[in-house]
Structures are given as structure tokens and as C-alpha cells.
Amino acid sequence: MSDEQHGMFGAAGTGDTSGYGGLVRATASAGSSQRPFGGYFDQVADDLERAYPDFADAIERVVVDRGELTLHIKRERLVEVALILRDKLKFEMSMGVSGVHYPEDSNRELHAVYHLLSVTNNQRIRLEVSVPDVDPHIPSLVEVWAGSNWNERETFDMFGIIFDGHPGLTRILMPDDWQGHPQRKDYALGGIGVEYKGAVTPPPSDRRSYK
Amino acid sequence: MASRRPRVGLEEKLPSGIVLTSVEKLAGYMRKNSLWPATFGLACCAIEMMAAGAGRYDLARFGMEVFRASPRQADLMIVAGRVSNKMAPVLRQIYDQMAAPKWVIAMGACASSGGMFNNYAIVQGVDHVVPVDIYLPGCPPRPEMLMDAILKLHDQIYDEKLGPNREKVIKEVEAAAMAAVPTHQLKGLLA
């Protein structure tokens, strides 16, 4: 993953005098966390280890960042972990499935992030699964949380992650015959150039690269 | 309502309570006072459209407060918001289902030209899909502006010609449009 970002929206060498073109920001990706995680996170991890003997094998890493717990799970183990979390740890709701695209992160380009809520215990954790771009398959969690149906369709539509076992994995936002997946970083913004009284404004995708 | 044609003496002999006019004028008068808008709210402009229909701005003054959910019962489509490529065929179908004569207001910058959404997902002006009678600028336009557009549309409908007269007007407008200098050939100040 890139460690620093230059400029804003990728603006560089454009004659931009706002100062954003010279901006350099370090983007620290959160590393793995060690115990104690703090708050109820230790309790959640203990309960999960107790209820799920293969915990060490299923978890790639645990990240606690900004007071939020994220468990990175191997995709082969996702459904098992999700069932344990739902039935034993009372995470009754999946609030959504987010997609993330990291083009520089080879073999882990596409991530799916599940935001879980326990209504019983008033707890929130996150599951994250990463897959390579060439093999974007993740087992579907519709059988575990029925509400994931449309969420997974949206993530498929925007990022092209294929959720195996989904009852009807079709596009949900874009037209059915659409080409490509718009939220990927390498997807061009599109748009048209505008010409008025001799002044020409190029299409947005030519103006800035929109990182 | 009085006819503008030269008097031929008939008006002098009419009993009281009788008014003479042309069929065109009468039809225009009836149509402009009986517009039924279809609900086509797509984004934030729809909020302003709803405000225009509610008590404070009171579209009922023009007899237009009832927005019909069925295109069969409507003859004015107010496209309020940005139209995505996926919505475009739906919009066209709703328009086709409306009974003629029918009119379209492109409400706001997005419906008129794509507005701030110059990207892969949004139709760059709803006139790519349906013929537009009034372009209403603003982001979003205030209810007063929507009502101004509606009143201008009323005037337009009132003056609308029928039959051969209408064909003649359409030809004249077309000829004027062809003779006009296209905007990409216009030079100079951007005003």
C-alpha cells in the first residue's frame, strides 16, 4: 500500500495555485494490534476463541484503530466465523457490506468489509476479507444475515466482487448491461467536455485523476 | 379573452353575457388553467417542488396542487433532479404514457444540463430523452422560481396554436434555430 499521497485529487503540474497540488500526506495504514485491545474487544476475542477452536487459523490479523475492532478473516472461514458471531456472540445484524479497492496491494486488491452490530450487547465489530483481483470470489453471507442480500449485490455492482452462493447476484444500481465496476480506482470518471463561446472545459476525468 | 381581429360589427349586436373568441384562444385558456403535474421527483429539487405544492407557496392558487402518481392522469412532467442512465428509459416511458397535449419542465441545473454531475452515470440534460418546454436554472431553484417557470409555461400554452397554424409556427421556430449561430461558434465574453 502507498505510504504517502501527493496533492489532492491527484492534482499535479496543472498550474494549480491553491496549494493542494504540493500537499504531501502520509497515510499510515493501521498495523496489527496486540492484546489488550481495550474495551469490550478483549471479551469479544476471548468469546470467539472459546466458541471457535480454529480461531488462530481463520484470523489473518486483528486491528484496533480509532477505538474500533476489525477482524481480518480468511475467506474460506468466513461463513463459519459469521455463524459463530451470530449465534454465540449475538451479533444479530450485519449493517452493510462495504467494498474497498487497493490497486497497489497485490493479491489483496479487493476487500469486503462487514459491519456487525450486537443489539443484545450493544457492541460493534467489523469483519474484513481480502481477495485478489484475478479471483474475486467470497462466500455469500445471505444465509447468515438475510439483509446482506442487497448489500452484496451493491458491492458486486460497484467493485466486481463475486459472492458465491448468493441467491441472485445481479447489478442493483447500474443498468443490467453496464460494463465495468464504477467504484474501482482504475474506473474512469467519464463525463463530456463542455464548449461555450470559445471556452473549452475538458471532461472531469481529463482534468483530475480523482484518486 | 377579447379577440384581436378587426371588428366586423357583430360584437356590437351581441346580447350581454356573450363573448367572442377563437377556438385556439379558448383551447389555450382551458389548457393553461387545467395543468395536472406528474410526480417526477428525483433529488433535492423534488423537495423544493413539494414545498411549492404545500401551504406556504400554495401551488393551489393555479389549480396545480395535486400531483398525480399516474402518468395517465397528468399532462405536465416536472423533472426535478438528476436523471441517471438507468432512470432515463423509465422517464421516457412515463412521458410516453402521458396523454397529449403534454409539457415538460426541466427543473434545476441537473435536469437541464447534467449540472455538477458530469460523469458516467448521469444523463447530461433531460432533453436527450424527452422534449423540454421550459429550462429552469438553479441548484435547486426556489419554489418561487418553479412557480415563475410554471407561469411562463402557462403563457406559452395560452398562445399555443392549433392545426396548420401550429405546423407553421413549428417550421418558423425550426428555421430560426437552424439560422442561429451555434454556441460553439460564438466567441468573446462568457456572458
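In the predicted model, strand 3 and strand 4 of chain A form a hairpin with two residues between them, and Arg66(A) in the turn has a positive phi of about 55°. Helices (H or I, at least four residues) and strands (E, at least two) are DSSP runs numbered from the N terminus. Residues are numbered from 1 along each chain as its sequence is written, and chains are lettered from A in the order in which they are written. As this is a predicted model, local features need pLDDT of at least 70 and side-chain atom pairs count only at pLDDT 80 or more, while totals for chains, interfaces and linings use all residues.

The two hairpin strands run antiparallel and are joined by six bridges; strands pair if DSSP finds at least two bridges between them. Ile59(A) has Ile73(A) of strand 4 as its bridge partner. Strand 4 of chain A is also joined to strand 7 of chain A, in parallel, by three bridges, and Leu71(A) stands opposite Leu127(A) of strand 7.

In a regular strand the side chains alternate between the two faces of the sheet. Along strand 4 of chain A, Leu69(A), Leu71(A) and Ile73(A) point to one face and are buried, whereas Glu68(A), Thr70(A) and His72(A) point to the other and are not. A residue is buried if 20 or more other C-beta atoms lie within 10 Å of its own, exposed if 12 or fewer, and partly exposed in between, with C-beta atoms placed from the backbone.

Helix 1 of chain A (residues 41-51) has Phe41(A), Val44(A) and Ala45(A) as its buried residues. Seen down the helix axis, these fall within an arc of 95° (taken from the directions from the axis to the C-beta atoms), so they line one face of the helix. Asp46(A) and Arg50(A), on the other side, are exposed. The cover over the buried residues of helix 1 includes strand 3 (59-65), strand 4 (68-73) and strand 7 (123-131) of chain A.

The largest nonpolar core (buried Ala, Val, Leu, Ile, Met, Phe, Trp, Tyr and Cys residues joined through C-beta atoms within 7 Å) has 35 residues. Those with the most contacts inside this core are Ile78(B), Val79(B), Ile105(B) and Met107(B). A second, separate core of 33 residues includes Val44(A), Tyr52(A), Ile125(A) and Phe156(A).

Between the chains, 14 residues of chain A are in contact (C-beta atoms, placed from the backbone, within 7 Å) with twelve residues of chain B.

Notes. Contact = placed C-beta atoms within 7 Å.
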